[in-house]
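Work through the exercises below with the structure open beside you, and try each task before you read its solution.

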Amino acid sequence: MTKYTTFKAFEKNFPYQIWKIVVDASTRQIAVELRDAKSTCAILYIIDFEGKEILKHKQMDEKEWTLEAIQHHTVVLKRVGDTQPVKEGILFLDIQGEPRHLWQEYTWIDTYCDVVKVRHRNFQSGFEEYIDIETLKKTSSPGKTHEYCSVIKMPIPYSGVLPTYLQNADIQDLPWISRAADRILWSYHTKENELYYLNLSVANKSDLLWTQSLLSDMPKMIPQPYFQIENQLFLMSYNKREIVSYLV
């Protein structure tokens, strides 16, 4: 095996289960929504790509608010209803958790890079407007829109013939595959004493460079191993109370 290693960028624990994670790759910020089982209100944290806390335990006053995006040092929240997926209400917070602006009259439709697509509550369809996240200005035509979080990559399931260096691994399901520069990343579950392990194998075109366990002692397999931004992996622990990140 060629000499190679990965590095743990950070390991961050949270007091409650993680409900949602959103990322702004340009500012290297991660916003995390937790839910307290008693109040059921969203609790927000912001960390950077090294695990440093920027915002800690910002609890929303109403359970209907949920995290939608983080862009331009702004946290975007939308209001959800009991009988409908979205209801009127869009809130921008700065990264200190202070309100930038609240729109009670608009319903969230979609989020793109730099703008949020909205509709006034008086209309059931059409009449879309766009709120600029940085300037707070509204327009009926934002120009060319780009997909939010397009730089985030997810590994894909692989059903082909495994390379020689993985054929003896006791893989419990379909492996996932992704790339980081010229390296191929394989992630897969193995099983030992009725417990599951999530593993990462890093290879070039022909040789295995490194293998390690990312998560261990899990009673079940997890449905998605990680998300990836360039050469950095982010994964959530089995109990959904921890984010771990590796540089590959």
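The exercises that follow deal with salt bridges, cysteines, pockets and a strand pair in a predicted model.

**Exercise 1. Find the partner of glutamate 62 in a salt bridge, and explain which parts of the chain the pair ties together.**

Solution. Begin with the side chain of glutamate 62, which forms a salt bridge with arginine 79, and note that the closest N and O atoms are 3.0 Å apart. This separation can be set against the cut-off for a salt bridge, which asks for a nitrogen of Lys or Arg within 4 Å of a carboxyl oxygen of Asp or Glu. Next, place both residues: glutamate 62 lies in the loop between strand S5 (53-59) and strand S6 (65-71), while arginine 79 belongs to strand S7 (residues 74-79), so the pair ties together parts that are 17 residues apart in sequence. Finally, look at the accessibility of each partner, where glutamate 62 is partly exposed at 35%, whereas arginine 79 is buried with a relative accessible area of 9%.

**Exercise 2. Decide whether glutamate 68 and lysine 78 are buried or exposed, and describe the contact between their side chains.**

Solution. The cut-off needed here is that a residue counts as buried under 20% relative accessible area. Glutamate 68 has a relative accessibility of 12% and is therefore buried, and lysine 78, at 11%, is buried as well. Their side chains meet in a salt bridge, with 3.2 Å from N to O. Since glutamate 68 lies in strand S6 and lysine 78 in strand S7, the pair ties together parts that are ten residues apart in sequence.

**Exercise 3. State how many salt bridges the structure holds, and describe the one between arginine 183 and aspartate 182.**

Solution. The count for the structure is eight salt bridges. In the pair asked for, the closest N and O atoms of arginine 183 and aspartate 182 are 3.6 Å apart. Arginine 183 is buried at 17% relative accessibility, but aspartate 182 is exposed, with a relative accessible area of 54%.

**Exercise 4. How many disulfides does a search of the whole structure find?**

Solution. A disulfide is a covalent bond between the sulfur atoms of two cysteines, so the search has to look at cysteines. The search of the whole structure finds zero disulfides. The surroundings of two cysteines can still be described: cysteine 41 is buried at 9% relative accessibility, and cysteine 113 is partly exposed at 29%.

**Exercise 5. Describe the largest pocket and the second largest pocket by their volumes and linings.**

Solution. Start with the largest pocket, which has a volume of about 320 Å³. Its lining is made of 16 residues, and those nearest the centre are Ile222, Pro223, Gln224, Pro225 and Met236. Strand S20 (residues 232-236) gives the most to this lining, with three residues, and the lining as a whole divides into 13 nonpolar, two polar and one charged.

Continue with the second largest pocket, whose volume is about 200 Å³. Of its 16 lining residues, Asp24, Ala25, Ser26, Gln71 and Cys113 are the closest to the centre. Strand S2 (18-24) and S6 are the elements that give two or more residues to this lining, which divides into eight nonpolar, five polar and three charged residues.

**Exercise 6. Which residue in S5 is the bridge partner of isoleucine 47?**

Solution. First consider the strands: strand S4 (residues 42-48) and S5 run antiparallel and are joined by four bridges. Within this pairing, isoleucine 47 has glutamate 53 as its bridge partner. The two strands form a hairpin with four residues between them, and glycine 51 in the turn has a positive phi of about 90°.

Methods: Residues numbered from 1 in each chain as written. Predicted model: local features only at pLDDT ≥ 70, side-chain atom pairs only at ≥ 80, totals over all residues. Heavy atoms only, no water. Buried < 20%, exposed > 50% of the residue type's maximum accessible area, 1.4 Å probe, protein only. Disulfide = S-S within 2.5 Å. 1 Å grid on protein atoms, 1.4 Å probe; cavity = no way out; pocket = protein on both sides within 12 Å on 5 of 7 lines; lining within 4 Å. Points joined across faces, edges and corners; volume = space filled by probe spheres on them. Nonpolar A, V, L, I, M, F, W, Y, C, P; charged D, E, K, R; others polar. Pairing = 2+ DSSP bridges.
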